[in-house]
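Got your viewer open? Here's a short tour, one selection at a time.

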Amino acid sequence: MKKVVLLVALCLCVGNVFAQDADKLRDEGDAALNAKDYATAVAKYGEYLKQNNYQDTIRIFNCGFAANQAKNYAEAAKYFDMAVKMNYNIDDSYVGEAMAYRNLNKTEDFLTTVEEGLKAIPDGNKNKANLEKLLYAYCIKQGQAAQKKGDIAGAEKMYKEVLIASNKTYQGNAYYSLGAMFYGNGAKILQAATPIATSDPDKYNAEKAKADKEFTQAKEYLTKAMEINPNDANSKKILDSINEILK
């Protein structure tokens, strides 16, 4: 009986030591966060949360925040994703996770996070607007990079991702980017074919048909841009040019 009592006492003692260690790590994490020593905060919170079995939602969120600040974006994404799944501080958690994936340049994870966040965050919440701003900036930048490399399909995909935003300015700019891109493609095809208009009319007509297809696609996008913003002078200028070409 004495051995059993001693064993129980020992277990309780060990449990108390672990609890004290966890509390110490938590407090050290809090102190590091307050001191803006973000790398230390991530390390302390990480050890604490392992011992805590990832039950402390406040420190999970804090760890994500500290990791983003420390540019430890993989850890930030991990902890913010935990916070999202635990439904803690959901709007800030989605923004933090999206920022982490943006900085990791993980496009599909970024887009999935933003799309889920826009559905989960109520209208009128400032972080819904923040998510849309992140989406717009990232997708336009990625679209322009793809376009510069000649990856038209990739650019089109990224520009179109902006259209899930409710912000009309973002939508209009995305439609303009799409229209201007296809107009540029058509213009290049037509310019390259012009010297053979007389010498090889059949080949010229075939190339002209390809260019017209690009112009028609551009017209569709630019018309949508004008529907959103009738005062969009840039879209109107290109549309006038396309209408002349397609006569």
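Start with Ala70: is this residue buried, partly exposed or exposed? Keep in mind that you are looking at a predicted model. With a relative accessible area of 33%, Ala70 is partly exposed, because that value falls between the 20% and 50% cut-offs. Select helix 3 (57-69) and helix 4 (73-85), and you'll find Ala70 in the loop between them. Now show its neighbours: leaving out residues up to four places away in sequence, Ala70 touches Tyr38 and Ala39. Add Thr40 to the selection too; this residue sits 30 residues from Ala70 along the chain, yet the two C-alpha atoms are separated by 9.2 Å.

**Next stop: Gly117**

Jump to helix 6 (residues 107-120) and pick out Gly117. Its relative accessibility is 0%, so Gly117 counts as buried. Which residues does Gly117 touch, once those up to four places away in sequence are set aside? Tyr94 and Leu131. For a longer ruler, draw a distance from Gly117 to Ala32: these two are 85 residues apart along the chain, and 29 Å separates their C-alpha atoms.

**Then helix 10**

Select residues 201-228, which make up helix 10. At 1.5 Å a residue, its 28 residues should span 40 Å, and the end C-alpha atoms are indeed 40 Å apart, so the two figures agree. Now colour the buried residues of this helix; among them are Tyr204, Phe215, Tyr221, Leu222 and Met226. Two acidic residues, Asp212 and Glu214, are also on the buried list. What covers these buried residues? Turn on helix 8 (152-161), helix 9 (168-193) and helix 11 (233-245), which are part of that cover.

**Zoom out**

Show the whole chain as a cartoon and count: there are 11 helices and zero strands. The radius of gyration is 28 Å, well over the 18 Å that the globule rule gives for 247 residues, so the chain is more spread out than a compact globule. Along the principal axes, the C-alpha trace spans about 110 × 35 × 35 Å. Of the 247 residues, 38% are buried. If you pull up a contact map, take the contacts between residues at least 6 apart in sequence: 54% of these join residues at least 24 apart.

Finish with a surface view. The accessible surface comes to about 14100 Å², with 54% of this area belonging to carbon and sulfur atoms. Colour by charge and you get 33 positive and 32 negative side chains, with the centres of the two sets 2 Å apart.

Notes. Residues are numbered from 1 along each chain as its sequence is written. This is a predicted model: local features need pLDDT of at least 70, side-chain atom pairs count only at pLDDT 80 or more; totals for chains, interfaces and linings use all residues. Side-chain values use heavy atoms; hydrogens and water are left out. Helices (H or I, at least four residues) and strands (E, at least two) are DSSP runs, numbered from the N terminus. The radius of gyration is taken over C-alpha atoms; the globule rule is 2.2 Å times the number of residues to the power 0.38. Buried means under 20% relative accessible area, exposed over 50%, partly exposed in between (1.4 Å probe, protein chains only). Contact means heavy atoms within 4.5 Å. Accessible areas come from the Shrake-Rupley method with a 1.4 Å probe; for residues, only the protein chains shown count as cover. The place of a charge is taken as NZ of Lys, CZ of Arg, CG of Asp or CD of Glu. The expected span of a helix is 1.5 Å times one less than its number of residues.
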